[in-house]
Amino acid sequence: MSSELSAYVSDTTPGRGALRPARSWLHSDAPSRSLNGPWRFRLSPTATAAEDFTDEGFDDRGWDSIPVPSHWVLEGDGANGRPIYTNIRFPFPIDPPHVPDENPTGDYRRHFDLPAEWSDAERVVLRFDGVESLFTVWVNGVGIGAASGSRLAHEFDVTSAVRPGDNVVAVRVHQWSAASYVEDQDQWWLPGIFRDVTLIARPAGGIEDVWLRTSFDHGRGRVDAEVTAEASAFPVTLRIPELGVEQVWATAAEVAPVDVAEVEPWSAERPRLYDATVSTAAESITLRVGFRTVEIRGDRFLVNGRRVVFHGVNRHETHPERGRVFDEQHAREDLARMKRFNVNAIRTSHYPPHPRLLDLADELGFWVVLECDLETHGFDKVDWVGNPSDDPAWREAYLDRIRRTVERDKNHPSIVIWSLGNEAGTGSNLAAMSAWVHARDAERPVHYEGDYTGEYTDIYSRMYASVPETEEIGSDDARSTLMNCTPAQSARQRGKPFILCEYAHAMGNGPGAFDQYEELVHRHPRLHGGFVWEWRDHGILAETPDGTPYYAYGGDFGEVVHDGNFVMDGMLLSNDVPTPSLHEYKAVAQPVRFVFDGDKVAISNLRHSADTSDLRFRWRVEHDGTPVDAGDLEVPLVTAGESGLVPLPRIPVSPDAETWLTIDAVLAEAAAWAPEGHVVATAQLDRSARRPAPAVRHRTGWRPDAGTLTLGTAGFVGGSLVRLAGRPVTGPRLELFRAPTDNDEGASDGVEESDASVAGVSSADLWRRDGLHRLTTRRLSVERTADALRTLDRVSAADSALSVMVESVWSVEGDELELRVEIEPSGGWRTVWPRIGIRFELPDGTAPVDGAEWFGLGPHESYPDSLRAARTGRFSAGIDDLSVDYARPQETGHRSRLRHLTLRSGDAEVLRITAVPDRHGRRPGFTLSRHTPQQIAAAGHPFELPDTTTSHLIVDAAQHGLGSRACGPDVWPEFALRPEARTIRLRIAGV
Ligand code: IPT
């Protein structure tokens, strides 16, 4: 490679030729033309391919066509290379600022017509909203400039290169460049021109840039305009028709704040926007302004004088077919979904999104932490030696990035915090970015998590802090020091508002403990909530050789270095299906709380500023899940931060069924993001009459007998069940294994809270070591009486002296069959167990068991540390809907606190089971699945699960919690399942 070329590819400065200063992404009536659409495309394996294509006359007819915007690795069925997923690691040698010669390089060409009228334009500007990672532009063979900063906008002045009529633009894009070292976010590497390309005619006398800073104070609003325009462009007029504002400024010197006597504030809850225009004779810009004031007072973060609690998510731009190419309709649906699940904030991890996303956030209502395109995480591996964040050679690139970030999006009321980037170590370049933001935008605070000691940022931020650690941050204990801080630094950090910029890693099944974090926010006002990692899985839609579609993750494209399914850690699956964790999140974050007190309920409004006028309160009473009464609750208006005490309706209590009252707060009218009647918050009250569980009937006269036997509808051979209710059924078999969740596979440190964890070793490894997935049985005895059968089994694994004794007693009790299983572990088990359950196999027989109807907790799966979304009721589901299609198959489907279960085959009832509580009143949970835990554990993707003809019913006396150890704390001790004796008692009625 020529030294000139290598100097270009490894240049640490942000390029040359792009217009500065950067400006807002504005809606203007100046003429523009989208250059999106098909371009000619040629891919070369290195950056050294001939530059012949930049000539106007170059014949590109032999080239392929590629859509712009797109990522070339997602086009052409693999012919253009493949996506690469790495989390922290660089997928190239750590050799900054150099990258390998193997550097896929895409050459793009297209013609465009410049309208004749554009000859009036003062300038013609070519804008790229996103190109990954380094690109050079030519117009009609004339070199225009080069830029890096993949998720940032770059504009070039092409006036002198264009002419009326036909023109040719050529762009060369390199996948790797020096910039790749500062764009090491945890996501797919997806090269190409992936955002819009636009040609813009800048009129003489136009508005270069405008910033309408707004504020709100007790009903009054102010617009403080910054107008960037030539002196000759004036007068400039600001109009906000709805507020009667029409302000004409004759000269730049006259531009002054405009006060508005009466406005409604903007908030994430009531995103009130006013249409505004800023115009000169030549150009008119349309904006939507929201009035709000952001400030930090002491350790409080306030908007419009009120504390904000972030119920936020980290949002990446990712789409299963388009990658980071923006799809406005999809993004809008996603944001509406966030609102429906009580998400009120977005951190744009870890780069500015498509600019339209901020318009949507303004409109639908979110508190936004807008993050710059910056991450250098791969330097972690070399103890941050060579990290660009503290290297003067990179200073300009860092400053360029933050300027482009803030300038592009500064007009949005939704943005309340600027973030410098993510996981880039620390250093003077970050401090310089922060200083620049403070000078440019004095209002909005600066966030950067890596500034642990708080030298240059305004907010104290951490990721994945455990619950005790978060509590310590919230408390005022001056003696305790914070992570990486001296006592003095701790005091400085405690003086600031705190956020968890990432927490509750939502990979696979999990996380647990949302509610524990939430509870802290209400006890310690310094804690302002946080942002779940993360909103959605980044799966890429792919096909197996036989045409089965699936969502690909790291390694599925043959990458040399990759991080597997760590990219599948969202609360939404790749196909937009909410996981149970999102339902859990919704329940935990609900902005209305109910506290029952005798015959009243206290209803608290936990919102930032909105009252409850948009809500209606419905109640219903159910007996064993069957509705018996319902109505509306009269609730007086509750203002934000207040609560009201409301009498409960009369509740008819059943003597022989459970009596539950449910209250739902629902939308009284349709919102932009949900229909009328959408449930915002729910609470339940148990008013059941006490009913003792039937006592165990002890029998005498047991005698050994291992022959065949029939008890009610159950048939046995050698003590083992072979038929039940007219179907082949086997079991119960002790099941201690669950297909490890991603959290079970996690070996992260941060385990000090749980004495059940072994630092550096995952629970799943301990389970496999102990052989929980390969238990064997030795039958010790089979005995019977006239109407009962008793077996005793010793269950243990190869190469292990540990065991579990399992006593199973089948007996006829009236017209029911009872199964009581006593499970007793030997001494010496030292780890947690995933579950204590019994498994039945239900082979196809004449018709498969393919559905369940139950009274218990539902409708979604639930686990001991994720129970808040589960409500007591009657539910039904087909067998496939009882499992979640996690990207990597793992434990799924557990329904807790079962009372009654009916198994179905099509429309027919197959078996009715009642779960009898144990002597502590605990009830088992159940899982109905087409696969055993062992089969699930062996599959890397859903399509690898075998076809089966057998259904499996597992009844668990207990399950281990979920935790979030895939990246964060292990299961909280209270929810960790330790080996212990348990009883499972079922009553079975044949049908
Ligand atoms: C943290 C990253 O900031 C985020 O981008 C993502 O990778 C997340 O982890 C895990 O999915 S960094 C981690 C070292 C705590």
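A polar contact here is a pair of N or O atoms within 3.5 Å. With that in hand, here are some close-ups of this predicted model.

**View A. The ligand and the residues around it.** Asparagine 422 has an N or O atom in its side chain that sits 2.8 Å from an oxygen atom of the ligand, so the pair falls inside the 3.5 Å cut-off. Histidine 350 does something similar, with a side-chain N or O atom 2.7 Å from a ligand oxygen. Tryptophan 533 joins in too, at 3.0 Å from an oxygen atom of the ligand to an N or O atom of its side chain. How many residues surround the ligand? There are 14, and the closest are Asp186, His350, Asn422, Glu502 and His505.

**View B. Helix 4 against helix 5.** Two packed helices can be described by the angle between their axes and the distance between those axes. Here we have helix 4, residues 395-409, and helix 5, residues 428-440, packing at about 35° with axes 9 Å apart. Their crossing is right-handed. On the helix 4 side, the contact is made by Arg395, Tyr398, Leu399, Ile402, Arg403, Val406 and Glu407. Helix 5 brings Ser428, Asn429, Leu430, Ala432, Met433, Trp436, Val437 and Arg440. Sort that contact by class and you get nine nonpolar, two polar and four charged residues.

**View C. Leucine 420, in a loop before helix 5.** Look for leucine 420 in the loop between strand 30 (415-419) and helix 5. Is this leucine 420 buried or exposed? Leucine 420 counts as buried because its relative accessible area is 0%. Leaving aside residues up to four places away in sequence, leucine 420 touches a list of residues that includes Ile402, Leu430, Met433 and Val437. Those four also turn up in the contact of helix 4 with helix 5. Other residues touched by leucine 420 include Cys372, Leu374, His447 and Tyr456. Aspartate 373 is 47 residues from leucine 420 along the chain, yet their C-alpha atoms are separated by 8.0 Å.

**View D. Leucine 685, in strand 43.** This leucine 685 belongs to strand 43, which covers residues 679-686. With a relative accessibility of 13%, leucine 685 counts as buried, because the cut-off for buried is under 20%. Which residues does leucine 685 touch, beyond those up to four places away in sequence? They are Phe596, Leu648, Ile651, Thr659, Trp660 and Leu661. One of them, threonine 659, is 26 residues from leucine 685 in sequence and 8.6 Å away in space, C-alpha to C-alpha.

Methods: Residues numbered from 1 in each chain as written. Predicted model: local features only at pLDDT ≥ 70, side-chain atom pairs only at ≥ 80, totals over all residues. Heavy atoms only, no water. Axes fitted to C-alpha atoms, helices over the stretch in contact; angles between N-to-C directions. Helix = DSSP H or I, 4+ residues; strand = E, 2+ residues; numbered from the N terminus. Left-handed = near helix turned anticlockwise from the far one by under 90°. Contact = heavy atoms within 4.5 Å. Nonpolar A, V, L, I, M, F, W, Y, C, P; charged D, E, K, R; others polar. Buried < 20%, exposed > 50% of the residue type's maximum accessible area, 1.4 Å probe, protein only. Near = heavy atom within 4 Å. Polar contact = N/O pair within 3.5 Å; in protein donor to acceptor, adjacent residues only side chain to side chain.
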